[in-house]
Amino acid sequence: MTATINPDLAPLVGSWRLLSCAFTFADTGERVEPYRPNPTGRMVLEPGGRIMGILLKSNRRPSTTDAE
């Protein structure tokens with residue numbers, strides 16, 4: 001089955017690498033980088049409009065204990 005491409009999404013369809021992620025609060029103007037300055041992540045946009053993604057903090061290390 002082939003998905004119909006939404007013409008508005010066509011230029012965005014594909015796999016994208018995250019370069020930055022920041023939120024700016026409208027009421028205070030405060031800017032927050034929840035995944036640190038150099039996050040790691042990917043986003044995939046399919047022709048039918050489905051989006052998949054993963055975001056990770058930079059320099060993330062695997063946990064060594066259950067508490068971590």
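These are my notebook entries on what I looked up in this predicted model.

**Entry on the overall fold.** I began with the secondary structure and found that the protein has five strands and zero helices. Reading along the sequence, I wrote the pattern down as β-β-β-β-β. I then looked up the radius of gyration, which is 17 Å, whereas the globule rule gives 11 Å for 68 residues; the value for the protein is well over that, so I noted the protein as more spread out than a compact globule. For the outer dimensions, I recorded that the C-alpha atoms fill a box of roughly 45 × 35 × 20 Å along the principal axes.

**Entry on burial and surface.** How much of the protein counts as buried? I found that 9% of the 68 residues do, where buried stands for a relative accessible area under 20%. The accessible surface comes to about 6000 Å², and I noted that 54% of this belongs to carbon and sulfur atoms.

**Entry on contacts.** I took the contacts with a separation of 6 or more and looked up how many of them span a long stretch of chain; residues 24 or more positions apart account for 34%.

**Entry on a nonpolar patch.** Which residues make the nonpolar surface patch? I listed Leu12, Trp16, Met43 and Ile51, which together make a patch of about 390 Å². I followed up isoleucine 51, which lies in strand β5, a strand that covers residues 51-56. Its relative accessibility is 59%, and because the cut-off for exposed is over 50%, I entered isoleucine 51 as exposed.

**Entry on serine 20.** I located serine 20 in the loop between β1 (14-17) and β2 (23-24). Is serine 20 buried, partly exposed or exposed? With a relative accessibility of 49%, serine 20 counts as partly exposed, since that class lies between the 20% and 50% limits. I also looked up its distance to proline 39: the two residues are 19 residues apart along the chain, and their C-alpha atoms are separated by 6.2 Å.

**Entry on the salt bridge.** I found that the structure holds one salt bridge. The partners are glutamate 33 and arginine 31, whose side chains meet at 3.7 Å, N to O, and this distance fits the requirement of lying within 4 Å. I then checked how open each partner is, and noted that arginine 31 is exposed, with a relative accessible area of 54%, whereas glutamate 33 is partly exposed, with a relative accessible area of 34%.

Note on methods
Residues numbered from 1 in each chain as written. Predicted model: local features only at pLDDT ≥ 70, side-chain atom pairs only at ≥ 80, totals over all residues. Heavy atoms only, no water. Patch = residues over 30% accessible without salt bridge, like charges linked within 9 Å, V, L, I, M, F, W, Y side chains within 5 Å. Areas by Shrake-Rupley, 256 points an atom, 1.4 Å probe, with all protein chains shown as cover. Helix = DSSP H or I, 4+ residues; strand = E, 2+ residues; numbered from the N terminus. Buried < 20%, exposed > 50% of the residue type's maximum accessible area, 1.4 Å probe, protein only. Rg over C-alpha atoms; globule rule 2.2 N^0.38 Å. Contact = heavy atoms within 4.5 Å.
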